[in-house]
Amino acid sequence: GASMSSLSVKNLKNYVVLGIAVAAAYIFFQKDQIFLYRLIDGLFIGGMLPMILGCFRLAKYAGSFDLLVYSHKKLARSGKNSDLSQEEKDPGSSAAPEQLGSYSDYLTQKKPAATYKEPLLAGGVFILASLFLTIAFY
């Protein structure tokens with residue numbers, strides 16, 4: 001059930017609605033082209049928006065993940081050189097609780113940060129629909 005809980009249906013629906021709204025607005029306002037082309041373009045643009053959002057979120061999520069890995073390595077390294085870490089204790093003592101704080105922040109932020117899956121999925125569906133229509137009707 002872990003894989004399902006990491007994907008929020010409510011979030012996914014929001015992005016799908018966003019995509020449909022963007023596509024509908026495009027189709028409604030872009031009156032020069034025939035309906036099919038507007039539908040294809042609208043779906044593509046409607047899919048690009050959540051995709052871009054998802055990529056930003058993924059980058060942010062990956063960024064915080066890198067930071068976590070980095071701080072773990074740093075902690076592990078200072079643990080190995082115990083004689084060195086003794087000297088580093090004084091300047092580092094003020095930084096250590098801060099790092100622990102940011103780690104707990106990371107843990108609490110982990111759930112919302114993982115919302116890159118929904119926009120990527122929603123965007124992907126729209127773009128695939130757009131490509132399918134393109135292939136089917138061009």
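## Exercises on a predicted helical model

In this predicted model, F28 has a relative accessible area of 53% and is therefore exposed, and the exercises below start from this residue.

**Exercise 1.** Decide whether F29 is buried or exposed, and then classify the aromatic pair that F28 and F29 form.

*Solution.* Begin with the cut-off, which is that a residue counts as exposed when its relative accessible area is over 50%. F29 has a relative accessibility of 64%, so F29 counts as exposed, and F28, at 53%, is exposed as well. Next, turn to the pairs of rings, of which the protein has two. The ring centres of F28 and F29 lie 5.2 Å apart and their planes meet at 85°; because an angle over 60 degrees counts as edge-to-face, this pair is edge-to-face. Finally, note that F28 also has a charged residue over its face, since K31 lies there at 4.4 Å from the ring centre.

**Exercise 2.** Classify the aromatic pair of Y61 and Y116, and work out which parts of the chain this pair links.

*Solution.* The two centres are 5.0 Å apart, with 40° between the planes. Because stacked pairs need an angle under 30 degrees and edge-to-face pairs one over 60, the pair of Y61 and Y116 is tilted. The next step is to place the residues: Y61 belongs to helix α3 (residues 35-80), whereas Y116 sits in the loop between α5 (95-113) and α6, so that the pair links distant parts of the chain, 55 residues apart. The last step concerns accessibility, for which buried means under 20%: Y61, with a relative accessible area of 18%, is buried, and Y116, at 14%, counts as buried too.

**Exercise 3.** Check whether the span of helix α6 agrees or disagrees with its number of residues, and list the residues of α6 that are buried.

*Solution.* Helix α6 runs over residues 117-137 and has 21 residues. At 1.5 Å a residue, taken for one residue less than the full number, the helix should span 30 Å, and its end C-alpha atoms are 30 Å apart, so the two values agree. The buried residues of α6 are E118, P119, A122, G123, G124, F126, I127, S130 and L133.

**Exercise 4.** State how many helices and strands the protein has, and what share of its residues counts as buried.

*Solution.* The protein has six helices and zero strands, which gives the pattern α-α-α-α-α-α along the sequence. Of its 138 residues, 22% count as buried. As for the surface, the protein exposes about 9,600 Å², with 69% of this area supplied by carbon and sulfur atoms.

Key. Residues are numbered from 1 along each chain as its sequence is written. This is a predicted model: local features need pLDDT of at least 70, side-chain atom pairs count only at pLDDT 80 or more; totals for chains, interfaces and linings use all residues. Side-chain values use heavy atoms; hydrogens and water are left out. Helices (H or I, at least four residues) and strands (E, at least two) are DSSP runs, numbered from the N terminus. Buried means under 20% relative accessible area, exposed over 50%, partly exposed in between (1.4 Å probe, protein chains only). Accessible areas come from the Shrake-Rupley method with a 1.4 Å probe; for residues, only the protein chains shown count as cover. Rings of Phe, Tyr and Trp (its six-membered ring) pair if their centres lie within 6.5 Å; planes under 30 degrees apart count as stacked, over 60 as edge-to-face and the rest as tilted. A charge sits over a ring if NZ of Lys or CZ of Arg is within 6 Å of the ring centre and within 35 degrees of the ring normal.
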